[in-house]
Amino acid sequence: MGCMCSTLASKFAFFPPSPPTYKILHPETNDGKLTVVASPSSTTTSFPLPHADDNSLDVLLIDNKRGSKIVAFYLRNPYARLTLLYSHGNAADLGQLYDLFVQLKVALRVNLIGYDYSGYGASTGKPSEENTYADIEAVYECLETEYGVSQEDLILYGQSVGSGPTLHLASKLPRLRGVVLHSAILSGLRVVCHVKFTFCFDIYKNINKIKNVKCPVLVIHGTEDDIVNWLHGNGLWEMARDPYEPLWIKGGGHCNLELYPDYIRHLCRFIQEMENITTEIRLKKIRQNMHVHKRSCASHCCRVKVCRPKCPECSIPKCVKCSWRPKCSSCCWKPKCSSCWKPKCSSCWKPKCSSCWKPKCSSCWKPSCIKCCWRPKSLKCAGPSCCITCFQWRCCVGGTQSGLDRRQDG
């Protein structure tokens, strides 16, 4: 039922440009390279598209695990140290975003790869949540195999709906360099209505995945966003494990944040700081996070439940794993060590003689030691047998069967 509801929700969540703003020409010349041309059937405003002889651009066709062919643009920067994987928002395709990609490549000094989801642009298949997850995984595998990009040198960028596949991949890459969330969503259903619970038919449950992202997270959101409320971005920033200083653009909407000077300025600073993070610094931060995590768990010590003593001062005993020792030092039952049960106080329930611990008869609990304080009057009665005669003191009655009629009865 949840899968059917999620599929139905996906039909209302994706709005690919129709018709696409570009199309792909398969190689006949030009050394077998794919080329991009404007779609003649497109009625939208013409966008600048790459030239066929542009050596800094690779047009890629990538197969994902669900059978779709994904179109991707890879833009090189000879001075780049990091690579940016860009997941665009709804109602857009690569033809509309190419000019922005060129500007980001130059301003941020990064290699940049953008892709169209299944059913967007010239990519085949149908748009759905699961397909977008397969799309970004296929693009990441292409970066690894074709361009030698490791996750340590990769920054994921997700805009609006693109925050879903971005956080999906980021939650699986523990050594990722960084994540940028641009007008991101908490979940698909929370864009439509304010709910406090995550339902089975919800899509892009970013509110659950953000907690698994271990790298720095930059959140950018407009305060006047009328499509995805600013509370979405603020909520993701508060739940991030390693949040970077956010950028709240005053007066910014949903699709115009790139026009504000603070956008590119703040983004450049984030990229530069990510470039300067060395392996040593990253390991130090991981150790610090682990130390903080251990300290947060120190109050629990271990999950073994311990019975609390009656003494009010011992209401918070230490755990069994530590030592079995309560805080109260005056309790007689406090053991000296964890391996023996000897009480501290020698005058308590411990008998004076160690042999008194083993009664002679298993059915009558009378000690054999004559030094015990509750011994019978006659020393000869110190060793009772296990029969009824244990309670008859023969030595005190002069050989009779019972001493009940005598004055000296025990």
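Helices and strands are here DSSP runs of at least four residues (H or I) and at least two residues (E) respectively, numbered from the N terminus. On that basis, the secondary structure of this predicted model comes to nine helices and ten strands. The chain has 410 residues, and buried residues make up 43% of them. Among contacts with a separation of 6 or more, 59% are accounted for by residues 24 or more positions apart.

**The largest pocket**

The largest pocket has a volume of about 810 Å³. Its lining consists of 31 residues, and Gly89, Asn90, Ser160, Val161 and His254 lie nearest the centre. Three helices, α1 (2-13), α2 (94-108) and α5 (188-192), each supply at least two residues of this lining. The largest share, four residues, comes from α5.

**Asp225 and its surroundings**

His254, named above among the residues nearest the pocket centre, is also a partner of Asp225: the side chains of the two residues make a polar contact of 2.8 Å. Asp225 is found in the loop between β9 (217-222) and α7 (230-239). Leaving aside residues up to four places away in sequence, Asp225 touches Ser183, Gly252, Gly253 and His254.

Which side chain of opposite charge is nearest to Asp225? That side chain is Arg190, 16 Å away. A salt bridge requires a side-chain nitrogen of Lys or Arg within 4 Å of a carboxyl oxygen of Asp or Glu. Asp225 is buried yet has no salt bridge.

**Helix α7**

The loop that holds Asp225 leads to α7. At the N-terminal end of this helix, Asn229 acts as a cap, with a side-chain oxygen 2.9 Å from the backbone nitrogen of Leu231. The buried residues of α7 are His232, Gly233, Asn234, Gly235 and Leu236. These buried residues pack against two helices, α5 and α6 (206-209), and against the strands β8 (178-182), β9 and β10 (247-249). Helix α5 thus appears both in the packing of α7 and in the lining of the largest pocket.

**Salt bridges**

The count of salt bridges comes to ten. Three of the pairs are set out below, with the distance between N and O atoms.

| Acidic residue | Basic residue | N to O distance |
|---|---|---|
| Asp63 | Lys69 | 2.8 Å |
| Glu275 | Arg109 | 3.5 Å |
| Asp153 | Arg177 | 3.6 Å |

The salt bridge of Glu275 with Arg109 links distant parts of the chain, 166 residues apart: Glu275 is in helix α8 (residues 261-276), whereas Arg109 is in the loop between α2 and β6 (111-115). Glu275 counts as buried because its relative accessibility is 6%, under the 20% cut-off. Arg109, at 40% relative accessibility, counts as partly exposed.

The salt bridge between Asp153 and Arg177 also links distant parts of the chain, 24 residues apart, with Asp153 in the loop between α3 (129-147) and β7 (154-159) and Arg177 in the loop between α4 (163-170) and β8. Here the acidic residue, Asp153, is partly exposed, with a relative accessible area of 31%. Arg177 counts as buried at 8% relative accessibility.

In the pair formed by Asp63 and Lys69, Lys69 is partly exposed, with a relative accessible area of 40%. Beyond these pairs, Lys65, Glu137 and Lys172 are linked in a network of salt bridges.

Definitions and conventions. Residues are numbered from 1 along each chain as its sequence is written. This is a predicted model: local features need pLDDT of at least 70, side-chain atom pairs count only at pLDDT 80 or more; totals for chains, interfaces and linings use all residues. Side-chain values use heavy atoms; hydrogens and water are left out. Buried means under 20% relative accessible area, exposed over 50%, partly exposed in between (1.4 Å probe, protein chains only). Lys and Arg count as positive and Asp and Glu as negative; His and the chain ends are not counted. A polar contact is a pair of N or O atoms within 3.5 Å; within protein, one must be able to donate a hydrogen and the other to accept it, and residues adjacent in sequence count only if both atoms are side-chain atoms. Contact means heavy atoms within 4.5 Å. On a 1 Å grid over the protein atoms alone, a cavity is a set of points where a 1.4 Å probe fits but cannot get out, and a pocket is an open set with protein on both sides within 12 Å along at least five of seven lines; lining residues have an atom within 4 Å of a point. Grid points are joined across faces, edges and corners, and a volume is the space filled by probe spheres set on the points.
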